[in-house]
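Trainee: I am new to this structure and would love a close look at one part of it. Could you take me through it slowly, please?

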Amino acid sequence: MDNAGKFYINGKWVDPISSEKMDVINPATEEVITQITLASEEDVDLAVAAAKRAFESYSQTTLEQRLGWLENLLAIYKRRYGEVADTITTELGAPTTMSHEQQAAAGTAHLEDFIVALKKLKTEEILYNGELLLREPIGVCGLITPWNWPINQIVLKVIPALATGCTCVLKPSEFTPLNAMLYAEMIHEAGFPAGAFNMVQGAGPVAGATLSRHPDITMMSFTGSTRAGKAITKDASENIKRVTLELGGKSPNIVFDDVDIEDRIAWSVNAVFNNSGQTCDAPTRMLVQRSIYDDAVKVAKRVGEQASVGDPTKEGGHIGPLVSHIQFDRVQTLIQAGIDEGATVLVGGAGKPDDTNEGYFVKPTIFADVNNNMRIAREEIFGPVVSMIPFDTEEEAIEIANDTPYGLAAYIQTPDAKKADRVARKLRAGMVLLNGSSPLAGSPFGGYKQSGNGREGGLFGLEDFMEIKMIHKL
């Protein structure tokens with residue numbers, strides 16, 4: 001990639017001040033793809049300064065102007081769609097079929113929806129008491145995105161910032177930096193004014209922390225681990241920034257005894273294995289009613305044994321590697337913890353799959369006989385690991401489901417619509433998905449408790465980047 005090693009600041013690709021380099025690794029082969037430069041505090045300062053200068057004029061652009069740039073960007077993205085998907089396969093290890101059908105597709109779906117939402121956004125309205133309310137861009141935004149759904153999260157942060165008249169500095173994950181460079185090229189081609197969008201590469205403890213602490217940053221939007229989210233919140237508190245966080249999850253998946261066992265258990269297992277388990281709202285805790293538990297275990301075992309791990313450049317429904325050796329080691333530690341705590345390994349276990357020497361591949365793993373006090377039921381594993389937990393009654397299922405520090409998503413499997421609605425209303429989660437449903441673009445995405453605050457997507461995602469001003473008249 002021509003711009004590897006450079007940053008995008010004030011409408012240009014520039015050479016960094018920093019000389020610190022980092023290899024970008026292909027997780028399937030462990031080979032070096034390229035090198036990036038890790039930003040210093042001075043590099044971040046330059047990007048923030050460009051965004052601050054641009055805000056004065058960009059915040060005054062019209063809705064029609066911004067819609068025009070977004071429409072341009074959408075056309076460019078569609079033209080370069082294949083590049084995005086192939087890049088994500090290379091740097092993340094997402095299998096090519098999944099990259100084309102899900103990873104890159106998220107970039108199109110969210111951008112299209114933000115265009116629709118922006119046309120519906122009320123920047124002025126008269127309240128029921130007759131007074132005038134204005135919604136205005138909040139200012140210069142620091143955006144930190146993760147590696148697991150990279151373009152998805154870039155679009156969910158960059159687009160609402162630019163759409164509402166904010167300027168921004170993006171710091172993508174250093175493990176998947178190349179799709180962000182592609183997106184920066186597209187934004188440049190779309191014609192956005194210089195300084196509206198800026199991008200630096202870097203590590204969280206330096207680049208991320210500098211953004212979070214920076215006095216000229218008005219808002220931080222972060223997606224990643226709960227640990228990092230806490231650090232960003234503390235750093236941002238010095239300047240009373242707005243902070244929106246989309247953090248971890250340990251989502252319960254309640255399977256009642258009135259389901260089609262074959263269908264719902266197969267879906268439940270494969271939903272965790274998707275993206276190699278590297279999805280924050282994956283239904284990793286499978287709570288199964290005891291009357292069907294033994295049958296569900298048999299189905300889960302069979303489905304797990306049919307799952308395959310393989311080369312992400314090959315088409316198909318197989319599982320790719322984890323993103324890095326750091327993630328591989330963490331998943332191995334937690335799989336071993338499940339074994340040590342006495343859970344039954346139905347499929348998989350510790351170590352790499354047979355005949356796999358290179359790449360950060362793990363065995364897709366299913367544990368039975370798990371209780372909610374085990375580490376594999378408490379901690380976010382972020383790998384293709386399912387924990388099956390039995391329950392007896394509806395009330396017990398709700399209690400187990402809510403017994404977690406997280407609250408991103410929850411899943412219910414039952415054909416009984418009244419029961420599904422009744423249980424959904426008692427679950428402490430930002431999203432409840434029924435019988436295999438998926439979140440639609442435009443629906444607010446986010447969670448309760450330590451899964452974060454704020455919402456991404458659609459009108460709610462736009463409003464997070466805006467301040468409210470009241471004009472009181474005599």
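Does D340 count as buried or exposed, and at what relative accessibility? After that, please show me how the helices pack.

Mentor: Happy to! Keep in mind that this is a predicted model. D340 has a relative accessibility of 58%, over the 50% cut-off, so D340 counts as exposed. You will find D340 in helix α11, which covers residues 325-340. Try locating M374 as well: D340 and M374 are 34 residues apart in sequence, and their C-alpha atoms are 10.0 Å apart in space.

Now for the helices. Two packed helices are described by the angle between their axes and the distance between the axes. Start with helix α4 (residues 96-120) and helix α5 (residues 150-163), whose axes are 8 Å apart and make an angle of about 20°. That makes α4 roughly parallel to α5, and their crossing is right-handed. On the α4 side, the contact is made by Q103, A104, A106, G107, H110, L111, F114 and L118. From α5 come P150, I151, N152, V155, L156, I159, P160 and A163. Sorted by class, the residues of this contact are twelve nonpolar, four polar and no charged.

Stay with α5, since it also packs with helix α6 (residues 178-190), at an angle of about 35° and with the axes 10 Å apart. The crossing of α5 and α6 is right-handed. Here P150, I151, I154, V155, V158, I159 and L162 of α5 meet N179, A180, Y183 and I187 of α6. The contact of α5 with α6 has ten nonpolar residues, one polar and no charged.

Some of these names return in the largest nonpolar core, which has 68 residues. The members that touch the most other members are L73, L111, L162, Y183, F192 and F197. Take F197: leaving aside neighbours within four places in sequence, F197 is in contact with Y8, V158, L162, C168, L170, A184 and I187. Apart from this core lies another, of 31 residues, including I335, A343, V423 and A429.

One last pair is helix α1 (residues 41-58) and helix α7 (residues 204-213), whose axes come within 9 Å and cross at roughly 45°. α1 and α7 are therefore oblique to each other, in a right-handed crossing. E41, V44, D45 and V48 of α1 make the contact with V206, A207, T210, L211 and R213 of α7. By class, this contact has five nonpolar residues, one polar and three charged.

Note on methods:
Residues numbered from 1 in each chain as written. Predicted model: local features only at pLDDT ≥ 70, side-chain atom pairs only at ≥ 80, totals over all residues. Heavy atoms only, no water. Axes fitted to C-alpha atoms, helices over the stretch in contact; angles between N-to-C directions. Helix = DSSP H or I, 4+ residues; strand = E, 2+ residues; numbered from the N terminus. Parallel < 35°, antiparallel > 145°, perpendicular 65-115°, else oblique. Left-handed = near helix turned anticlockwise from the far one by under 90°. Contact = heavy atoms within 4.5 Å. Nonpolar A, V, L, I, M, F, W, Y, C, P; charged D, E, K, R; others polar. Core = buried A, V, L, I, M, F, W, Y, C linked by side-chain atoms within 4.5 Å. Buried < 20%, exposed > 50% of the residue type's maximum accessible area, 1.4 Å probe, protein only.
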